[in-house]
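Trainee: I have a model to go through. Can we take it question by question?
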Amino acid sequence: MAASLASESDTDVDEIWWHGSPVFDAQHWHDKGGMELVRKKHSDTYFTVEALVIACLPAIEADCSWVFDCLSLGWPSVRVIEIESDVYNVESDSQTIQWLCVVQDNILFPRAQTYRLKVHWAGCTEIFEHPLAENLSRTIAKRLALIDRLPPHIRDSESEMRFCKYRLLFLVGVTFRMGEMARSEQGALAMYTYLTYIFKTDIFEPRSIELVDAQPQHIQTILDTINKNAGQLAYSDMRTVTANAALQSSLKHIHLDLHSMNESCNSLPFCAAHFPKLESLIISHSPDFKSEYSNQMSLGVLFSLPWYHLVELQLPYISDTYATTLKDKCPNLQYLHVQPEPRYERWSAYAQSFTPSGLCALASQWQRLRHLSVGYAFRHVSRAKSQIYGLVSPSRLSFAGGRPSSLIELPEKLSLHLDSLTLKNKSTPKQQQQQQQQQHHHHHHQQNEYEEGEVQGLPGPMSLDIFSIVPKNRNLRVLRMPYLQLPFSVSLALLKDIPQLQVLEFTPVLKHIEPLKSPSITSTLRRRVSVSLSPQFNAPFADPDVVYHLRTTKHPLKDMILHDA
C-alpha cells in the first residue's frame, strides 16, 4: 500500500490520501502528542478513514504497546491496515500475534479486508498479507502438504516449522540487503538458505523479491547454493505449480539493485527460463567506483529467451542492438524505462551504440506500449555527425535532478517556424514536392553518415530536423526522451504518429529565422521545464501557436515537459 499512498503538500492537517480517502498515520500523530492526540484525531476522523498506517520503528528503542491501544480504538470504515516494525521472529512474536488478533475482531474492524505487516530483521524485509474478508486460497492446502516432504532435520524442529508455515500462508514480498547479510558467515548462510526455499520450491510463493546492494557474484552464489543443495531438499517433490521452470514461476516482480553489472567473468546469469511468469523486471545500477570497468556493461543471458509475460521492464542502459532485440524477447511489453542512476546518464562505462534509430524502434515496435521513458544519452556520435545535428556539449546540458529552467523571452523580431501550424506556404505544388525530396535526401544522408561514423564522441543529447515514429503507435500515452532535441514543428508533427499521447518530454530547438509578415505566427516564446496544456490549456508560458494547434486538432496531450538546451 505504501506505493499507492500520496502525500499532500505541506498542509495544516498533514493528511495522506489513499484512493481518494484519508489515511490515518498513527505514528505521525503519536510522535506529535502521544496517545492523547491519537485519540483526539481518531474521534474526528474514524468515520471517514479507510486506511490505517502504523509504523513502530525502531522497535528496540520504541515502546510499541501503544500500537495495541491504537488498534483497540475501533475503526468502522477502515479496509486496509498496515503495520511496520522491527521484529526478528514474526511468527512467534507476542506483539505481532496480539496485533493480528485485534484486526481480526469484526466489531473493531467490521469492513477490514487486508492486514499487511512489514517487518525488518538482520538485512531482510518481509511483507505479509493476511486476507480478512475471504478464505485462504485453495492452493494453500496443496502447498501445506509440501511441508511433510521437508527433510527430517527440519520437520523435527518446531521453530523451523513455524517459520515455514507462517511464510507459506502469508508471505507476499521480501527484500534482501545482500551486502548487510553477507557480512557474517551465519548471515550469509541464512540468506542463501532462505533464497533457496523461495527460488527452488513452492513452499513460499512471494509475488515480489528485491535484491539490494547486489553483485552478479551474489546471483551466481544463489544458483551454486541451489545446485549444491546442502539442505538435502527434494526439489522435484516440493513443487505444485512451478513445473519445469528452472527456478520460480510464482514470482511476478523482481527488482535488482546492482552495484556492478559484471565482475570479471560474471554477468547476469538468469533468463526467462528461471522465472517464466515474471511480469515486472526492474534492474537498477548504482556505479561502484571501487571496481575497474575495463569491459563494457553486459546483461549476460538475460534476453537469451523470450519473456512472454513481461509487461514492465526497467534497464539502466540501452543500445540499438538491444532495442531491436527486445521486440521478440519481450513481445507483450507495455511499460519500458531506460533509467541510469541520476547524473550517470552519460557514464562512459555504459558505452553502447545508441542512436535515434534505436529510440524510434523502441517507440514503434510494440503496439501495446503505453509508457516509454528513455533518460539515457545518445552514444557513439561521430564528429561530423555532431556538426550536422548541432550536438550540444555535454557540459552545457544536464538532466540529472530535473532542475527547472528560468523564464526565457525571445525578441519579437525572432519567430518560431512551425510548418504544421498556421503558416501559409506560398510555394507552388511542384516547388513543395522538390523541397520535400530535398529534406528526405538530407535526412537520409544524415542517417547514413551517422551509422558509418567511427569516431566515438562524448555521450550527450542530439538535435534532429526530422523525427517520426513509423508505424504509428496508437496506445502510447507517455513519451519521455529528454536527450532528443527537436524543433516545435517536428514535435507537433510527431503527435500525428502518437494520437493518444498525453505526456511528451523533449528538448526544444529554437530556429532563428527572418521575421515573417504574418503577425499570427510571430510570438514571444516563453518556456519552462513543465508546461501544462490541459484540460483548459491554461499555459501562459507556452507558445501560443502550440496551444492553438492542440486546440484545433483536439489532441489529448495534457503535459509537455521541456528542457533547456
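Trainee: Is Phe-128 buried or exposed?

Mentor: This is a predicted model. Relative accessibility for Phe-128 is 0%. The cut-off for buried is under 20%. Therefore Phe-128 counts as buried.

Trainee: Which strand holds Phe-128, and which residue 12 places away along the chain has its C-alpha 5.6 Å from that of Phe-128?

Mentor: Phe-128 belongs to strand E7, residues 124-131. Beyond four places in sequence, the contacts of Phe-128 include Val-90, Tyr-166 and Phe-170. Arg-116 is also among those contacts. The C-alpha pair at 5.6 Å, 12 residues apart in the chain, joins Phe-128 to Arg-116.

Trainee: Why is strand E5 largely enclosed by the rest of the structure?

Mentor: E5 spans residues 80-86. It pairs in the parallel sense with strand E4 over six bridges and with strand E6 over seven bridges. E5 is largely enclosed because the buried residues number six of its seven.

Trainee: In E6, what is the bridge partner of Val-80?

Mentor: E6 covers residues 114-121 and pairs with E5. E5, helix H3 and E6 make a right-handed β-α-β unit. In E6, Val-80 bridges to Thr-114.

Trainee: Which helix gives the largest nonpolar core its largest share?

Mentor: The core has 135 residues, and Leu-71, Phe-109, Phe-176 and Phe-467 touch the most other members. The largest share is eight residues, from helix H8.

Trainee: Which tryptophan does Phe-109 contact?

Mentor: Leave aside neighbours within four places in sequence. The contacts of Phe-109 then include Leu-52, Leu-71 and Ile-81. The tryptophan among them is Trp-75.

Note on methods:
Residues are numbered from 1 along each chain as its sequence is written. This is a predicted model: local features need pLDDT of at least 70, side-chain atom pairs count only at pLDDT 80 or more; totals for chains, interfaces and linings use all residues. Side-chain values use heavy atoms; hydrogens and water are left out. Helices (H or I, at least four residues) and strands (E, at least two) are DSSP runs, numbered from the N terminus. Buried means under 20% relative accessible area, exposed over 50%, partly exposed in between (1.4 Å probe, protein chains only). Contact means heavy atoms within 4.5 Å. A nonpolar core is a set of buried Ala, Val, Leu, Ile, Met, Phe, Trp, Tyr and Cys residues joined through side-chain atoms within 4.5 Å. Two strands pair if DSSP finds at least two bridges between them. A crossover is right-handed if, with the strands pointing away from the viewer, the path from the first strand over the helix to the second runs clockwise.
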